[in-house]
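I opened a fresh notebook page for this one and went through the structure a piece at a time. Come and look over my shoulder.

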Amino acid sequence: MPRLKADASTGSIARVLPPRGLLDLVRGVVQEGGSLWVQVTGISMNPVIRDGDSVLLAGLARGPRRGDVVFLDVGGCPLLHRVTRAESGQIVTRGDAARTDDAPVLPEACVAHALAARRGGVTVALTPTLRFGVKALLWFVAWRIRLHVPPPMAPRVQPLSRAITPALS
């Protein structure tokens with residue numbers, strides 16, 4: 001029997017599903033053109049997505065590209081990781097906290113695209129969009145600066161990113 005828990009922030013009931021049930025639910029919702037918030041477990045996507053955060057999953061409007069966060073079906077196990085390469089009919093992903101890439105998968109393994117992450121009352125866009133407001137877009141920009149600045153420039157640029165982040169809280 002699935003466990004239920006109340007989400008105090010929304011007053012809704014959350015259901016804990018087995019892996020196959022979660023994959024089937026997400027696949028069904030996105031195939032009908034919908035989207036849904038799913039609570040994340042695990043630390044592989046730290047620091048952007050942490051254990052207990054929620055992510056908004058929606059259908060793929062296009063093929064996965066480098067930098068996208070995708071929800072995958074890997075042998076019946078759900079996986080939420082960032083695309084590092086998409087080439088030769090295969091997609092390679094990696095958790096933000098990992099040092100090595102995952103095994104390549106076929107594009108059919110991509111069930112959904114993660115559009116945003118929510119921690120507490122803060123929503124962070126995972127793609128460059130205004131769908132969640134200017135604040136969520138600025139969070140996205142601050143994280144991209146922090147994660148992708150070349151090492152020689154880091155001492156000058158990362159303090160700017162860190163200064164932006166508290167102002168958004």
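Before anything else, I wrote down a definition: a residue is buried when its relative accessible area is under 20%, exposed when it is over 50%, and partly exposed in between. I also noted that what I have here is a predicted model.

**Entry 1: the whole chain**

I began with the overall layout. The protein chain holds 3 helices and 9 strands. Following the sequence, I read the pattern β-β-α-β-β-β-β-β-β-β-α-α. I then looked up burial and found that 36% of the 169 residues are buried. About 9,800 Å² of the chain is exposed, and carbon and sulfur atoms supply 58% of that area. For contacts between residues at least 6 apart in sequence, I noted that 42% join residues at least 24 apart.

**Entry 2: strand E3 and its two faces**

Which residues of E3 sit on the covered face, and which on the uncovered one? I found Leu36 and Val38 on the covered face, with Ser35, Trp37 and Gln39 on the uncovered one. E3 pairs with E4 in the antiparallel sense, over 5 bridges. I picked out Ser35 there, and its bridge partner in E4 is Ala58.

**Entry 3: the loop after E3**

Next I followed the loop between strand E3 (35–39) and strand E4 (54–58), where Pro47 lies. The peptide bond that joins Asn46 and Pro47 is cis, with omega at about 5 degrees.

**Entry 4: strand E8 and its partners**

How many residues of E8 are buried? I looked at residues 110–119 and found 8 of the 10 buried, so by the under 20% cut-off this strand is mostly covered.

I then listed the pairings of E8:

- E4 pairs with E8 in the antiparallel sense over 5 bridges, and Leu56 has Ala116 as its bridge partner in E8.
- Strand E5 (residues 69–74) pairs with E8 in the antiparallel sense over 3 bridges, and Phe71 has Ala112 as its bridge partner in E8.
- Strand E9 (residues 122–125) pairs with E8 in the antiparallel sense over 4 bridges, and Ala125 in E9 stands opposite Ala116.

Ala116 thus turns up twice on my page, as the partner of Leu56 and opposite Ala125. I also checked the hairpin of E8 and E9, which has 2 residues between the strands. Gly120 takes a positive phi there, near 65 degrees.

**Entry 5: Asp68**

Is Asp68 buried or exposed? I placed Asp68 in the loop between E4 and E5. Asp68 counts as buried because its relative accessibility is 7%. What does its side chain reach? I found a polar contact with the side chain of Arg62, at 2.7 Å. Setting aside neighbours within four places in sequence, I listed Arg62, Gly63, His81, Arg82, Val83 and His113 as the residues in contact with Asp68.

**Entry 6: Ser88**

My last stop was the loop between strand E6 (77–87) and strand E7 (90–94), where Ser88 lies. Ser88 is not a glycine, yet has a positive phi of about 55 degrees. Is Ser88 buried or exposed? Ser88 counts as exposed because its relative accessible area is 73%. I put Ser88 beside Asp68 in my notes: Ser88 is exposed, whereas Asp68 is buried.

Definitions and conventions. Residues numbered from 1 in each chain as written. Predicted model: local features only at pLDDT ≥ 70, side-chain atom pairs only at ≥ 80, totals over all residues. Heavy atoms only, no water. Buried < 20%, exposed > 50% of the residue type's maximum accessible area, 1.4 Å probe, protein only. Pairing = 2+ DSSP bridges. Contact = heavy atoms within 4.5 Å. Areas by Shrake-Rupley, 256 points an atom, 1.4 Å probe, with all protein chains shown as cover. Polar contact = N/O pair within 3.5 Å; in protein donor to acceptor, adjacent residues only side chain to side chain.
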